[in-house]
Amino acid sequence: MTLTVEHLRVADLVRDVSFEIGAGERVGLIGESGSGKSLTALSIMGLLPDELSASGSVRLNGKELLGASEKDLSRLRGNGLSMVFQEPMTALNPVVRVGRQVTEPFRVHGRRGRSAEELLADVGLPGTARAYPHQLSGGQRQRVVLAMALANDPSLLVCDEPTTALDVTVQAQILSLIRTSLPTESALLFITHDLAVVASVCERVLVMLDGEIVEQGSTRSVLTAPQHEYTRRLLSSSDLDGVGGSRGACPPAGAWGSAPEDGAQR
Ligand SMILES: Nc1ncnc2c1ncn2[C@@H]1O[C@H](COP(=O)(O)OP(=O)(O)OP(=O)(O)O)[C@@H](O)[C@H]1O
């Protein structure tokens, strides 16, 4: 799997954005609010609102996605491509039991797959298939969304601030679940404001400012030796131990998206 984004433009809001993500790569997209991260993700997914359109090129394994038919895109979504949004309630139907929702990707793509109970147990929610979303906590709902996104073993998972709405403990659980549940060969594009999250999940990072990518590189090099003034400012205003506070000191154990427990297990 290779995702190739070239000269992506969305009005004046995203400008000349180019990057590539290969199979198994975990890539972070950081930048302050309004810098164009979500619009970049929505362009990849073919989910831009009607009033905005994208130009340039977004290719998945060489196949152009910009301008692809809705039929082709919906065949890809939840199959080759999956996305997890910040607010799980927007992704779940409040009047449908979660068990039915997590197996939806199989029905949409006409496939037989694992049972709802299995998919939910995989994300730490055994015995919840008959629950409605409102009977679950915010963290549990995000687990359901993740189970749905992972049901068809997507080649690319896009997460747009999936933990921002959750408290710190639940946030850590969801991050750990993303690290361990995503098949090793699947690629990840992870959007966040939080540099500590990037350090713990991603091996490579793209930095966006005012609609443009201003810096990219390995998470270690960008967070320890930022080249762009904006990245330096982001770091100095973050509470990332060992980087923002005392630059050059050792990062926390397990940082830089390469923690041993990140290994190959599903
Ligand atoms: N439908 C739209 N029409 C016009 N402008 C939009 C639309 N959606 C987003 N924008 C603007 O585009 C810019 C980039 O938005 P985007 O949501 O991609 O930012 P972001 O980096 O994801 O921010 P956040 O971290 O707050 O989610 C913002 O200035 C936003 O106001």
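This passage describes the domains, the ligand shell and the nonpolar core of a predicted model. Local features require pLDDT of at least 70 and side-chain atom pairs pLDDT 80 or more, while totals for chains, interfaces and linings use all residues. Residues are numbered from 1 along each chain as its sequence is written.

The domain assignment, automatic or from a database, gives domain 1 (2-80 + 153-262) and domain 2 (91-151). Their C-alpha centres lie 24 Å apart. To the contact between them (C-beta atoms, placed from the backbone, within 7 Å), domain 1 gives 15 residues and domain 2 gives 13. On the side of domain 1, helix α8 (residues 168-181; a DSSP run of H or I, at least four residues, numbered from the N terminus) supplies the largest share, six residues.

Turning to the ligand, 13 residues surround it, with L13, S33, K37, S38 and L39 coming nearest; a residue counts as near if its C-beta atom, placed from the backbone, lies within 6 Å. This shell holds four nonpolar, seven polar and two charged residues, where Ala, Val, Leu, Ile, Met, Phe, Trp, Tyr, Cys and Pro are nonpolar, Asp, Glu, Lys and Arg charged, and the others, Gly among them, polar.

The largest nonpolar core comprises 70 residues. Such a core joins buried Ala, Val, Leu, Ile, Met, Phe, Trp, Tyr and Cys residues through C-beta atoms within 7 Å, buried meaning 20 or more other C-beta atoms within 10 Å of a residue's own. Helix α7 (residues 138-150) contributes the largest share, seven residues, and each domain provides at least three. V102, among the residues with the most contacts inside this core, touches A116, L119, L120, V144, A147, M148 and A151, neighbours within four places in sequence left aside.

Note on methods:
Two residues are in contact if their C-beta atoms, placed from the backbone, lie within 7 Å. Helices (H or I, at least four residues) and strands (E, at least two) are DSSP runs, numbered from the N terminus. A residue is buried if 20 or more other C-beta atoms lie within 10 Å of its own, exposed if 12 or fewer, and partly exposed in between; C-beta atoms are placed from the backbone.
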